[in-house]
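Colleague: Could you take me through one part of this model in detail? I'd like to see the open sheet and the helices lying across it, and then how that part ties in with the rest.

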Amino acid sequence: MERSVDSLLSLYRPENPLEKASTIPSPWYFDPRIARLENERVFAHTWQVAGRVDQVREKGQYFTVELGDEPIVVVRGEDGVLRAFYNVCRHHAAAVVTEVQGCAKQFRCPYHGWTYGNDGTLKGMVEFEGVCDFDRTKNGLVAIAVDTWENFVFVNLDGSAGSLKDFLANVPDLVAPLRLTEKLNFLDRRIYTLNCNWKVYVDNYLDGGYHVPHAHKGLSSVIEYTSYTIENFDRACLQSSPLSSDSGSEASVANTRLGRAFYLWLYPNFMINAYEGVMDTNLVLPLAVDKCAVVFDYYFGDTSAAAEERNRQSIRVSEVVQDEDMAICDGFRKKLLENHGLVCIKQNTILDVPANGTREHDLFEVPAFFYQVIQVVFVRDAYHALLDDRSVVENFRDVVGSRAENFYATVIGLLVRLGAKERGQERVVNVDDALRKIFDELW
Ligand code: FES
Ligand SMILES: [Fe+2]
């Protein structure tokens, strides 16, 4: 029998202290009812980044965007005021503005030609004479809340939402030292589609640099990982690390990743990644329960022709990291999630995060896919199913791939250690035996 949404939600225990915190329950990653709930309760009620101020700096400039299923247009009116509307015609609900961005004094609906001013007012209806009880002034485009911070345009579908300022809380203070608006200019945009739930991408972003030394060799060659810090706030998390390069560093990374790494996540789906004179933002957009898009906007301090080669090099460095992250995120096989559950152990459990939420990595070396391996194998029933199902074994082999040789011993050691930690709790498995069987199958 299908579990109720309430029971799925109650699987997670938010009251647990940090040292007992766990990954959110696996159905939250694949159940369409949870995805719907997120759209209704999260994305429709939080301030969402919709675009950039530089897209709507001049009167008449506009851009369109989809927020969940809702089409939105953001436009600066002739009076200089920035507004946002549902991009839905009041006549028969066609999309009024069909371009991604542009500049216009008024918008003409492509369906029957109704026209709207760029302040949203309904200006004219074709062949509409004689229609009774129709008040043109009450049939403008429906407005939604819009506000800006730095170069980011936010909208909020909730008519009774609090202010953007309240939502951002101390985030502007965290970002202020970067002097983004003053020092950085937008240069380019890339959009990636990933075959995973949007939260997988966010999880990966928030794992505290844990995967950086393993999954991002190039980036790791300049990050001073032992000084990597994490600070958690109500609706944000700041990861930061000093950078330094030496003869072992990758040249393109050392050339474009200077100063201090600054990785800020704003609940629920926006990230700012900055180095000296270099920034990109990531906006994670759920497309389906198992699909999301990530919009990368690249900014640079110097966007002159003289800096073009270095800026391109910097984007290539980001693309490499993104490719590496995509490989990991896509590796979260839906089948594994559905059949075996996502494992309820997160790195926090083993990294002894201090109560103030800031920590430095000083523990054992782990292989890149350690986190995935844990997730795959550490539920009581999972390893039986892994052994029984060849396709799952094959998927597992895909995930860990050619780097298998050097991690067997480490993973075994780690899991024994984890097993010891878990012993006496509900989900005890004999990790030694389970893993030996699995690895014997694989190699
Ligand atoms: S739907 Fe827009 S004019 Fe008819
Ligand atoms: Fe990453």
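Modeller: Here is a walk through the sheet, its helices, the shared core and a few odd backbone spots.

First, some housekeeping: this is a predicted model, so local features need pLDDT of at least 70 and side-chain atom pairs count only at pLDDT 80 or more, while totals for chains, interfaces and linings use all residues. Residues are numbered from 1 along each chain as its sequence is written, and chains are lettered from A and ligands numbered from 1 in the order in which they are written.

The protein chain has 18 helices and 17 strands; both are DSSP runs numbered from the N terminus, helices being H or I with at least four residues and strands E with at least two.

Now the sheet. Seven strands make an open sheet in the order β11-β17-β16-β15-β14-β13-β12, with antiparallel pairing; two strands pair if DSSP finds at least two bridges between them. At the edges sit β11 (185-194) and β12 (229-232), each pairing on one side only. On average, neighbouring strands here are turned by 15° against each other, direction ignored. Zooming in on one edge, β12 is joined to β13 (residues 236-242) by four bridges, and Thr229 stands opposite Ser240 in β13. Between β14 (260-266) and β15 (270-275) there's a loop that holds Pro268, and the peptide bond from Tyr267 to Pro268 is cis, with omega near -5°.

Next, the helices. α7 lies across β11, β14, β15, β16 (278-288) and β17 (291-300), at about 150° to β16. Helix α11 (residues 308-330) lies across β11, β16 and β17, at about 20° to β11. Those angles run from 0 to 180 degrees between N-to-C directions, with axes fitted as lines to C-alpha atoms, for helices over the stretch in contact. Contact means that the C-beta atoms of two residues, placed from the backbone, lie within 7 Å.

Because six of the eight residues of α7 (residues 198-205) are buried, this helix is largely enclosed by the rest of the structure. The buried ones are Trp198, Lys199, Val200, Tyr201, Val202 and Tyr205. Buried means 20 or more other C-beta atoms within 10 Å of a residue's own, exposed means 12 or fewer, and partly exposed is in between, with C-beta atoms placed from the backbone.

Tyr201 leads to the rest of the chain: along with Ala50, Ile72, Val74, Phe154 and Val155, Tyr201 has the most contacts inside the largest nonpolar core, which has 79 residues. This core draws at least three residues from each of domain 1 (48-166) and domain 2 (170-335), with bounds from an automatic or database domain assignment. A nonpolar core is a set of buried Ala, Val, Leu, Ile, Met, Phe, Trp, Tyr and Cys residues joined through C-beta atoms within 7 Å.

Over in domain 1, five of the five residues of strand β1 (residues 48-52) are buried. Four bridges join β1 to the antiparallel strand β10 (residues 152-156), where Phe154 is the bridge partner of Val49. Leaving aside neighbours within four places in sequence, Val155 touches residues including Ala50, Ile72 and Val74.

Two last backbone spots: Ala169, in the loop between α4 (164-168) and α5 (171-175), has a positive phi near 50° without being a glycine. Arg179, in the loop between α5 and α6 (180-183), likewise has a positive phi of about 50°. Ala169 counts as partly exposed because it has 14 C-beta neighbours inside 10 Å, whereas Arg179 is exposed, with 11 other C-beta atoms within 10 Å.
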